[in-house]
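Please open the model in a viewer and keep the selection tool at hand. The tour proceeds from one chain to the contact between two.

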Amino acid sequence: MAKVSVKICMGTTCFVMGSSQLQDLVDIVKKKYGDDVEVSGSTCLNYCTHSSEYSKAPYVTVNDTVIQEATIDKVLQEIDRKLS
Amino acid sequence: MFIDIYCTQEKKYNQNTYGDYFVSKRDPETDRLLAVLSDGLGSGIKANILASMTATMLLKFIEADSDVRKACEIMMNSLPVCQKRKISYSTFSVINCNSEGVTKIVEEGNPQFLWIRGNEVLEPDCDIITSETFKNRKMHVYRIKLKEGDRLIFCSDGVTQSGLGTDKFKLGLRRKGLIDAVLHKLKEDIFISSRDLSKFIVEFACSLEPDRKAKDDISAVCIHCRTPRKSMVFTGPPYHMEKDNYYANVFKDFEGKKAISGGTTANLISRELNIPIETPVTRNIGKLPSVSYMEGVDLVTEGILTLTKAYEYLEDEDEMQDDAAGELVKFLLESDCIIFMVGAKLNQAHYDPNLPIEIEIRKNIIKKIAKVLEDKYVKKVTIQFM
């Protein structure tokens with residue numbers, strides 16, 4: 001099975017809109033999925049500037065899927081979908 | 001040649017303000033570094049007023065190239081007279097040097113400065129000028145030429161008299177003791193910065209006092225001549241996107257230490273120069289995103305939040321933490337000449353009123369940082385907008 005890659009945006013906008021809390025995903029994902037899912041950060045995913053409605057931060061990508069207003073639950077749901 | 005200067009001070013025990021005063025100014029137009037250290041009569045507020053008046057006035061005078069004797073007469077006549085002692089008094093050391101090393105020093109009342117070259121203390125000749133109105137006040141005027149690697153150390157009598165009356169130093173540390181301590185420290189670390197050396201001297205002087213309670217105000221000013229350590233901080237994308245590649249290459253070709261401050265900016269450099277970014281998701285220290293890594297770049301941080309925090313740390317060093325902004329401050333303080341390359345492009349997302357905290361405009365925060373680096377830390381700062 002291919003690995004799932006999760007990227008958390010650590011840019012200014014996302015960070016103040018909540019991605020600082022999303023860093024807990026590192027531990028949660030490790031516990032839940034082991035090595036099947038890899039979590040990493042990104043200096044900026046550039047969605048805030050390119051999206052016409054930029055108030056949808058924080059952004060997280062799970063493989064190619066972009067999650068707006070990401071929360072830990074939303075990200076975990078998306079990972080489950082990718083793995084199923 | 002770059003002149004690295006720093007002053008560290010400690011106030012007399014139980015006083016709420018410093019009785020010594022230090023001011024310095026780098027004048028890029030005339031390529032001069034001007035500095036004055038003054039020790040006011042007594043301690044606390046009174047001494048502080050005398051010392052700050054002395055230092056501020058003298059700085060203005062040397063800035064205007066006034067005759068030193070005249071300047072000192074005017075200054076001494078303007079100081080308020082102490083009600084108890086019926087005299088007005090404050091000592092001073094005036095330093096005026098350029099990047100060629102041509103230096104003029106005028107001292108009155110402070111312990112004689114140390115001029116250290118290699119492992120030796122040099123003893124330069126001086127002219128003595130006696131004040132017309134105050135016969136007991138003699139100004140020592142030195143004209144010296146500094147070479148690369150030379151150090152000058154100025155201090156208030158709080159340093160040379162530290163430990164006075166203790167068994168080990170019945171007469172205090174004195175000049176001899178200070179020379180021994182400084183030479184010993186330089187043997188340990190020949191490249192020590194002026195900042196660390198002045199901190200060492202003040203710390204050492206305090207350690208000689210019983211219970212570490214300073215009996216007098218203690219100040220040490222260190223000067224070090226050396227090749228400048230250059231650094232560049234690249235922050236914000238250029239206004240015209242087609243210039244991205246050009247500026248990324250300016251960054252690449254810069255000789256010195258390099259930092260990037262900004263997520264989008266880091267992506268831009270990564271894209272143009274084809275260097276991958278590694279962003280570890282570790283629990284960040286404090287409230288800032290942690291640093292990222294790029295090959296060939298000394299520091300990569302988030303932008304506005306980190307810069308804003310770094311500005312706060314520069315204003316108040318006691319607040320400094322070991323987070324990304326702390327690293328940026330360390331990066332800046334370890335440099336002598338700093339170039340800020342500031343992208344003028346706006347990030348629309350930062351102006352979203354839904355953002356929970358106020359986000360500064362990049363240009364403004366850089367201007368503030370530049371000002372504090374110049375005024376408080378006497379760095380050479382250049383800002384280039386792109």
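Two strands are taken to pair if DSSP finds at least two bridges between them. With that criterion in mind, note that the model is a predicted one, and begin with residues 90–98 and 102–108 of chain B. These are strands β4 and β5 of chain B, which pair in the antiparallel sense over 5 bridges. Within this region, select B:S93; its bridge partner in β5(B) is B:E107.

Next, widen the selection to the whole sheet. In chain B, 6 strands form an open sheet with antiparallel pairing, in the order β2-β3-β4-β5-β9-β8. The edges are held by β2 (20–27) and β8 (127–130) of chain B; each has a single partner strand, so one side of each is left without a neighbour in the sheet. From one strand to the next, the twist averages 15°.

Now add residues 44–63 of chain B to the view. This is helix α1 of chain B, which lies across β2, β3 (32–40) and β4 of chain B. The helix runs at about 155° to β3(B).

Finally, turn to the contact between the chains. Chain A contributes 23 residues and chain B contributes 26 residues. On the side of chain A that touches chain B, select α1 (12–22), β2 (37–42) and α3 (47–50) of chain A, the elements that give two or more residues. Of these, α1(A) gives the most, with 6 residues. Which classes of residue make up this side of chain A? Colouring by class shows 11 nonpolar, 12 polar and no charged residues on the side of chain A that touches chain B.

Notes
Residues are numbered from 1 along each chain as its sequence is written. Chains are lettered from A and ligands numbered from 1 in the order in which they are written. This is a predicted model: local features need pLDDT of at least 70, side-chain atom pairs count only at pLDDT 80 or more; totals for chains, interfaces and linings use all residues. Helices (H or I, at least four residues) and strands (E, at least two) are DSSP runs, numbered from the N terminus. Axes are lines fitted to C-alpha atoms, for helices over the stretch in contact, and angles run from 0 to 180 degrees between N-to-C directions. Two residues are in contact if their C-beta atoms, placed from the backbone, lie within 7 Å. Ala, Val, Leu, Ile, Met, Phe, Trp, Tyr, Cys and Pro count as nonpolar, Asp, Glu, Lys and Arg as charged, and the others, Gly among them, as polar.
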